[in-house]
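Let's take a friendly tour of some disulfides, with an eye on where their cysteines sit. Please have the sequence and the structure ready.

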Amino acid sequence: MDLPTDSGLQIAVSATQKPGPTIEVQAVTKGTAILPCDIVPPIANDSAILVIWYKNDMTAIYSYDARGKHSDKASHWKEKELVDERAYFRTITEPATLSVDSVEERDEGEYRCRVDFRKSPTRNTKVRLTVIVPPQKPNIIDDRGKEVVGVAGPYEEGAEMKLTCIVSGGRPSPSVRWWRGDAMVDSTDTQSPFPHVMRNQLVVARLERTDLHATYTCQASNNNISQPVSASVTVEMHFKPLSATILNKNQGLSADRKYEIVCQAVGSRPPAKITWWKDNKRLESFVEKVSTDGNVTTSTTTLTPSMQDNGRTLTCRADNPRVQGGAEEDTWKMDVYYVPVVRLELGSNLNPKDIEEGDDVYFECNVDANPHAYKVVWKHNNQVIQHNQKLGVITTNQDLALQAVNRHHAGNYSCIASNIEGDGDSNTVELRVMYKPICRSEQKRVYGVARHENANVVCEVEAFPAPDSFKWSFNNTAETIDVPQARYQTGAFFSTLTYTPVTEMDYGTVVCWAANTAGQQREPCVFQIIAAGKPEVPLNCSIVNQTTDGVEVECIEGFDGGQPQFFLLEVRDAQSGLLRANLSSKFPAFAVSGLEPGRGLKMAVFAANAKGRSEPALVEGHTLKPAQMQTRSPIALEMGPVLGILVGMVAALLLVTLAIFAAMRCRGTGSTSVRARGRQGENGLRPGTAGACELLTATAKEKVALPLRSNVEDLYEMDDKNPDVIPCNKDSDYQLVSGSQGLAIKELTEVSYDGIAQRNNTSRNGDLYENYKNSRYPTSRDVVAEWVV
């Protein structure tokens, strides 16, 4: 190597100081090595003029020359093969240093710095450079031998985690440490069987939920100069649910109502899957939602419980399939309220086909209810049964006992149980009580028939079981004769006798008996055979409605003469006598239309049958004028309490005065009014001038006269029981009254129509006017005899 020289420079080479102790310097590969060299002269007015660096005392690698022409600016020389541009000597530092960049392993060795001064002896400084080779980046291996990059796991809660950190290379051998955050958790590194390889195994015996996303770092370092090399992993874990809870399981349930049941699972990772189970049957209908952080899973199922679900178990199961045994569940034993389910049964020891009058009967009402029924109501033919031990009716919540039953106890029985959910009706159990035949009420008891005509006499009975046989007999004043079986026909509950009177002695009483397995009928059914005649005059005829072009007339039918009857209405103009309408009807109720407004009318109502027609029942009336149909809107009058009291007192005083006046008048005119009305009735004219007292007196007396009719049973209470006595038809309005009495009844009808309505409701034909409106056929008929006004 050629070093720069200066012939004019005199160097005292004879005086050389011995080198001092060797200075130890460390550098990391690829780093910078700083080699110190003291260039400060030992005496004043002296300076370093030449610095040479040697490696291993053999090779000059760098020189700093400030001699001669370089005194103003020193020159730097570098050995190209060893340091080239990587080295640079700095004199501004204290001490001066040789910096070697990008240190390589070959740079390691012993360096000597030779410093020549102008005056002072040469100084040598020895520096030993040790080059440190950092280890390679650690590799982390899990317990399955798989390299872990970034994320370790996933692990289950409570599982063991083993991670091994392997570090290759490095001079000197590195130390390997495990850190969790800023805390060292393991420093036990070992030499691997392989050369230049170090390892450290981290063992976490039981992972907790707090280990989720924990970062473990493996560091390897062999110097204090450079940063340690490291590798980090984050722990991923799977958790089973901490809990599964049915949120609204304390609410009450009612059968056949819709409910939304909510279950919530908390703490599962990944989010739990929720399933619903009713007993062992999985429910498929539900909606699931997961919270933003994935920690809470909510599932909602729609449940419509039935009564069969009472006592069943509803289960919400939260499961994490990635965790062994990762299921949590909550159960709910459902308490379902429902309307009582009721079943009625006849007593188990009773034969329903063999219950006779006098037997004791009991029923059992079996109630299935939640909550328990607080009340049980018993019904017979839809009528509530009241407890009455004196009458042999004993009721409890579960049982009904009937002591000594009779035919009236027969019918349909049911029970109704009630709880807070509602009322539950039972099935209907029919109780059949065997009893001897009895006559059916409301059947025709009087038959009118002419000689040589056939009368079909129908005998209807009630019995259980159905009658086995019927027998008939005829009774008149002379004899009693059994009727041959050929003369009558028998049905299930009736027998029809075809009877033909030939002589006067053939009119009288026919009697029928029926018999069944319970025995023979005690009291026979009695029927009267009378000579047929014309029907009686219709009773209580009156106008019930008036319009401008029509009127409505209703009557009560009289005795039909023993034959089916119908009714006729003739309407004549009161002034001209012209016939305006002629109607017929099955019932004594007529609606006449098409008349002129404001006209007086005279009307006659007849009853007719095959034997002729009755005398007329006369009615006078009129159609309304058009002005009478108009109504004015009443003026609203606000009446205060004081004014109302005064008006009431005045009205009461007026009524008392009128009553006293009417009573005084009645005392003097009562007998005269009755006689006058009798004469008017005989003349066939309607009394038009009778006073109010007369009408009231007639009303009182005629109401006493109305019950002249008598049932057949009343006739048989007579001592002689004369069969020739002709009683009324029980179901007709036949009365043994004169024509004048008939007019008196008609007059009474005009005064009080409410009495007529009541009679109509109890008539054999029912409500005549309603029946008329439903079934009338207003066809004109020829009048047999004209009515002369």
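Is C439 buried, partly exposed or exposed? In this predicted model, C439 counts as partly exposed, because its relative accessibility is 21% and buried means under 20%. Its partner tells another story: C525 has 0% relative accessibility and counts as buried. The two are joined by a disulfide with an S to S distance of 1.8 Å. This link is left-handed, with -125° about the S-S bond. C439 belongs to strand β37 (residues 435-439) and C525 to strand β46 (residues 525-530), so the pair links distant parts of the chain, 86 residues apart.

A search of the whole structure finds 7 disulfides, and three of the links, including the one above, are set out here.

| Pair | S to S | About the S-S bond |
|---|---|---|
| C263 and C316 | 1.7 Å | -75°, left-handed |
| C439 and C525 | 1.8 Å | -125°, left-handed |
| C541 and C555 | 1.9 Å | 120°, right-handed |

Now for C263 and C316, joined by a disulfide. C263 lies in strand β21 (residues 259-266) and C316 in strand β26 (residues 313-319), so their link ties together parts that are 53 residues apart in sequence. C263 is buried at 0% relative accessibility, and C316 is buried with a relative accessible area of 0%.

Finally, a disulfide joins C541 to C555. Here C541 sits in strand β47 (residues 539-546) and C555 in strand β48 (residues 551-556), 14 residues apart. C541 counts as buried at 1% relative accessibility, and C555 counts as buried at 0%.

Definitions and conventions. Residues are numbered from 1 along each chain as its sequence is written. This is a predicted model: local features need pLDDT of at least 70, side-chain atom pairs count only at pLDDT 80 or more; totals for chains, interfaces and linings use all residues. Side-chain values use heavy atoms; hydrogens and water are left out. A disulfide is a pair of cysteine sulfur atoms within 2.5 Å. Helices (H or I, at least four residues) and strands (E, at least two) are DSSP runs, numbered from the N terminus. Buried means under 20% relative accessible area, exposed over 50%, partly exposed in between (1.4 Å probe, protein chains only).
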